[in-house]
Structure formats: C-alpha cells, structure tokens
Amino acid sequence: MKKRIFAALLALIVCLSTVTGCQKKLEPVKVESTTFAMDTIMSFTAYSWDERETRHLLDRLTDDLNALDKLLSVTREDSGLSRVNQSNGRPVKLEEYPGLVTPLYLALHLCEVTGGALDITAYPAVKAWGFTTGEHRVPETDELAELAKQIDYTAVSLEGDVVTLPAGMEIDLGAVAKGFAGDWLAEQARGAGVASALLDLGQSTIVAVGTKPGGSPWRIGIRDPAAEAGYFAVVELADMAMGTSGGYQRYFEQDGVTYWHILDPDTAAPARSGLASVTVVAPSAMDCDGLSTALFVMGLEEGAQFWRDHPELKFEAIFVTEDGKIYRTAGLEGSFSLAEGYEDREVTVLE
Ligand code: AMP
Ligand code: MG
C-alpha cells in the first residue's frame, strides 16, 4: 500500500514538473510587422501561441490595409474616393467600390454629430493650403471665403450605394481613415482569435486588442505637443482605441506664423481654438480619429461641453492648450497618469 502511495506521489511530482516545464515553454510569441500605408508608417504587434498563423494574419491585415488605402485615399488617382471626387456633380454608384459605403456613411454621421466641426468636404481648402502636395501657400482672404462657402457635408447625398456631390466639391477622409482602418483590422484580429495585440496606425491612432499577455493593460504615451519628442502622459488601454490630433503633426511656417493641417470649416483656415492637441479614448478608433479632429476645431470649452452632451459616444478626452495647460475628462480616472518628468504639471479634471 505504502509503495503504491509513494508511486502515485512520484507520478504527481513528475507530472507537475512536466507541466511547469511546459508552462515555461508556453509563453506567447511576439509577432511584429511594419508597413507604409495612408502616408504613414504603421506597426502591428500581436502575441500568440502560433507564430506562423499570427504572421499569416498580420500579412493579411497588411493586405487589407492596402486595399482600404486604395478605396479611401484622396491623393491616389485610382482610389474609389477619387472616382467620387472626379464625378463633377453626377451620381456615382459604388458597385465597384462597395467597401467605400460604410466609411462614407460613418464619416458623414460623425460630421453631423459634431455639428460640422468635422467636415469631410474640406478637401478643396486642404488642397489650397498645399497640405496634400507639400507645396504650401497661404491663400488670400477672398479665396478662403470662397473655399469656406463650399465646405458643407450636408450637400453630400448618400443613398444606398449611390453618392452624389455638388460639382466642385471633394471629399477627404484623412481625418477618419486611419481610425476606420484600425477598427477594421482590430475586428479581423479579434475574429481570428487574437487576444493580445497593439495596432499602431501611425500619426497617433492606436487600437489595443485585449490586454498585454498576462492581463495588464497596454500603456500608451501621449506626445507632448510642445516638445520635439517625448510623452507628457500615459493612458492605460484594454480593448480600447486612442487617437490624437494636433497642430504639431503637420504644419508649415511663413513669416513667423505657423499654419497647421486641421482646418476650421467655417473659415477654411487652420483652426485656432487655443488647443495644441486633443486625444480621444473610445471603443471605436474611427470615433477617436474623427472626434479628436473635431474637438481640436471646437476648442476646450465647446469640446468639454460636447463631451458632456454625448455620453452615448462613450469617449473620454485629454486637451492640451497652446499655453501648456492639461485638461482631462473624469472618466479617465485610474487610467491616466502624467509621464516621468511631467509629474508636477497640473491636470484639471473636467466633470
Ligand atoms: P487628423 O490628423 O485626423 O486630425 O485629420 C486631419 C486631416 O483631415 C487633414 O490633414 C485634412 O486632410 C483633413 N481635415 C482638416 N481639417 C478637417 C476638418 N475640419 N474636418 C475634416 N477633415 C479635416
Ligand atoms: Mg482625426
């Protein structure tokens, strides 16, 4: 009898040590990929038990991304969106580009929700400032007044898969495309069973799929808009997206004045609302992308009121003013902290 108990114990010890040994080997593998799309460098990181399968998934995501770029790009002449922009007032049936219907619909919805602070018909103005070509110029006051008159997303008709733009009007999805792509890719990753991934869509649009392996949230830095590099704060994300819009991201200087790429649809000129950057945290990356652009246009007061008025959007925000003041919404309690070196900065909590 004693012998049997001893044998059983021995078997248990062998078994346990095998399991412990196996656990050591069973650490998830980190799989990474980097690609250039939508005019920026994007990088994806996923943790998985099956490296080959995950590598395959990341390759697929890169293909998806290129396909989305081919649909949504305003600068590629062969894109689905360019086809719409070249329509010269005629209705365009999107049967060749069915993938364009949803992002257009969602973008128009965000324009409406934000009362036109986001307006996807700003493209002629974006072009006039030279932001698409890099040949920057400051348009005259009269030209700006004309351009501002033409910015009006309510003139876009989208019925089923037929889109109609008044002649001369052009759509730019630059303020939301990375977010749309982020949601799309995250959905593919989750559908493939990935429980832990970080999708960095470049220019401050990021989607956290699940948590870090081990269950702790991803920690994402927010760029200090006043510094060349570095983060002033960290936000913890789990199954959540984040997007930042800021004047520092794309700009030019002329005669001592800085002109940036986020335009006020009312003036067709760079939005000067007193903000240096806005970061939005929300379940949807497209909401983060679109809302961060819109809140930058609105400014702090209006933006904070927008946050209070729209609990259904489930977003939180961090505002940095041009004079360096930091404001964050109350829902970020516990997931927002100041970064090293910024601990003494005051943060005003918006309620
Ligand atoms: P983001 O970097 O996401 O804030 O988006 C800025 C980009 O969206 C610009 O480079 C323009 O192409 C475009 N854009 C600029 N101002 C607006 C606006 N008020 N509404 C929609 N798109 C805009
Ligand atoms: Mg945006």
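In this predicted model, the donors of the magnesium ion (ligand 2) are spaced along the chain as A-x113-D-x3-T. Coordination is provided by A175 through O, by D289 through both O and OD, and by T293 through OG1, at 2.0 to 2.4 Å. The pair formed by A175 and T293 links distant parts of the chain, the two residues being 118 residues apart. Of these, A175 lies in the loop between strand 5 (162-164) and helix 7 (177-191), whereas T293 belongs to helix 8 (residues 285-298).

With respect to solvent accessibility, A175 has a relative accessible area of 21% and is therefore classed as partly exposed, since the term buried is reserved for values under 20%. T293, by contrast, has a relative accessibility of 11% and so counts as buried.

A separate element examined in the model is strand 9 (residues 231-237), in which five of the seven residues are buried, so that this strand is largely enclosed by the rest of the structure. Strand 9 runs antiparallel to strand 8 (residues 218-223), to which it is joined by six bridges; within this pairing, R223 has Y231 of strand 9 as its bridge partner. Strand 9 is also joined to strand 18 (residues 336-338), again in an antiparallel arrangement, by three bridges, and here V235 stands opposite F336 of strand 18.

Methods:
Residues are numbered from 1 along each chain as its sequence is written. Chains are lettered from A and ligands numbered from 1 in the order in which they are written. This is a predicted model: local features need pLDDT of at least 70, side-chain atom pairs count only at pLDDT 80 or more; totals for chains, interfaces and linings use all residues. Side-chain values use heavy atoms; hydrogens and water are left out. Donors are N, O and S atoms within 2.8 Å of the metal (3.2 Å for Na, K and Ca); water is not among the atoms, so sites may look incomplete. Helices (H or I, at least four residues) and strands (E, at least two) are DSSP runs, numbered from the N terminus. Buried means under 20% relative accessible area, exposed over 50%, partly exposed in between (1.4 Å probe, protein chains only). Two strands pair if DSSP finds at least two bridges between them.
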